[in-house]
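Me: Please take a close look at the part of this protein around the ligand. Which kinds of residues form the shell there, and what do they do around it?

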Amino acid sequence: MSVNKEIKRVTTHSLQAMKVRGEKIAMLTAYDYSMAAIVDDAGIDVILVGDSASNVMAGHETTLPITLDQMIYHASSVVRAAKRALVVVDLPFGSYQGNSKEALNSAIRIMKESGAHAVKIEGGVEIAESVSRILTAGIPVMGHLGLTPQSIYKFGTYSVRAKEEAEAQKLKEDVLKLQELGCFSVVLEKIPAALAREVSSTVQIPIIGIGAGNGCDGQVLVIHDMLGINKGFRPRFLRQYASLYDVMNEAVQHYVSDVKAQEFPSDKEQY
Ligand code: KIV
């Protein structure tokens with residue numbers, strides 16, 4: 001007898017329940033169907049279609065060049081693969097800042113055209129109007145504070161944020177504001193672990209950290225970094241779970257030499 005195992009989708013409500021019962025949330029990025037299928041099947045709670053696609057998929061130096069159309073393309077590929085995970089999509093640079101109507105339109109396009117479940121947006125009080133307007137359409141919003149890569153030209157570096165008291169205070173106010181507006185979660189990137197722990201224990205919504213220590217309610221990494229596809233990127237916060245660059249490179253070298261030596265295909269590998 002075959003058992004029909006129904007897969008229960010992770011929702012913003014289940015993430016909230018996980019925080020309440022102290023179960024950590026595991027989140028990873030994915031940008032295409034095949035990778036999203038692996039990640040989803042492995043039991044990830046949240047798949048982030050991050051604008052880091054601009055770096056790892058398109059080879060840009062920053063996240064700024066990626067367009068809304070490109071994010072929707074990546075997101076729809078991921079949605080087709082994700083059977084269990086909640087799929088969250090980054091609003092790209094230029095699609096929400098300074099214009100709440102445009103922010104709402106961008107978020108609606110993502111939800112309608114990709115079938116994703118939520119959007120993520122970088123910034124605090126300064127984007128409150130955009131966040132509110134998106135929320136009024138019933139679209140769940142995840143915030144993103146600390147190191148916000150879309151503001152790299154303002155910061156000048158990718159180093160740790162909120163080390164000084166004034167910036168730490170502003171970050172705490174921003175998280176509270178995002179919670180008050182109705183965001184279901186906030187990502188904190190590259191900030192001191194003690195600050196992230198304090199924020200996580202103060203607010204009700206789940207805080208997901210990247211380079212923010214283990215006091216957060218969950219963790220997120222860029223899939224290419226944690227699988228070691230991105231060989232040169234080794235920040236202190238990154239744990240590399242595999243060395244896929246080397247594995248893939250060796251496999252391709254092997255294939256090239258087999259083809260050159262006429263060892264592929266064999267008799268059994270032809271018709
Ligand atoms: O775009 C991205 O991958 C992100 C994560 C680093 C959180 O925003």
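Reply: The shell around the ligand divides into four nonpolar, four polar and four charged residues. This comes from a predicted model. Here are the names, sorted by kind. The nonpolar residues are Leu48, Ile210, Val220 and Val222. The polar ones are Thr29, Gly50, Ser52 and His144. Gly50 belongs here because glycine counts as polar in this scheme. The charged ones are Asp51, Asp90, Lys120 and Glu189. Each of these residues has a heavy atom within 4 Å of the ligand.

Now look at single atoms. Start with Ser52. An N or O atom in its side chain is 2.5 Å from an oxygen atom of the ligand. Next comes Lys120. One of its polar side-chain atoms lies 2.9 Å from a ligand oxygen. Then turn to Asp90. Here an N or O atom of the side chain is 3.1 Å from an oxygen atom of the ligand. These distances fall within the 3.5 Å cut-off, so Ser52, Lys120 and Asp90 each count as making a polar contact with the ligand. Two of these residues, Asp90 and Lys120, are from the charged group. Ser52 is from the polar group.

How much of the ligand does the protein bury? Taken alone, the ligand exposes 260 Å². The protein buries 95% of that area. The space that the ligand takes is the second largest pocket.

Now step back to the whole chain. The protein is divided into domain 1, residues 12–240, and domain 2, residues 244–271. The residues around the ligand, from Thr29 to Val222, have numbers that fall in domain 1. The C-alpha centres of the two domains lie 39 Å apart.

Two backbone details are left. Most residues other than glycine have a negative phi, and most peptide bonds are trans. Ala162 has a positive phi of about 55°. This residue lies in the loop between helix H7 (152–155) and helix H8 (165–181). The peptide bond from Phe264 to Pro265 is cis, with omega near -5°. Pro265 lies in the segment after helix H11 (244–260).

Note on methods
Residues numbered from 1 in each chain as written. Predicted model: local features only at pLDDT ≥ 70, side-chain atom pairs only at ≥ 80, totals over all residues. Heavy atoms only, no water. Domains from an automatic or database assignment. Polar contact = N/O pair within 3.5 Å; in protein donor to acceptor, adjacent residues only side chain to side chain. Areas by Shrake-Rupley, 256 points an atom, 1.4 Å probe, with all protein chains shown as cover. 1 Å grid on protein atoms, 1.4 Å probe; cavity = no way out; pocket = protein on both sides within 12 Å on 5 of 7 lines; lining within 4 Å. Sits in = over half its atoms within 2 Å of the grid points. Helix = DSSP H or I, 4+ residues; strand = E, 2+ residues; numbered from the N terminus.
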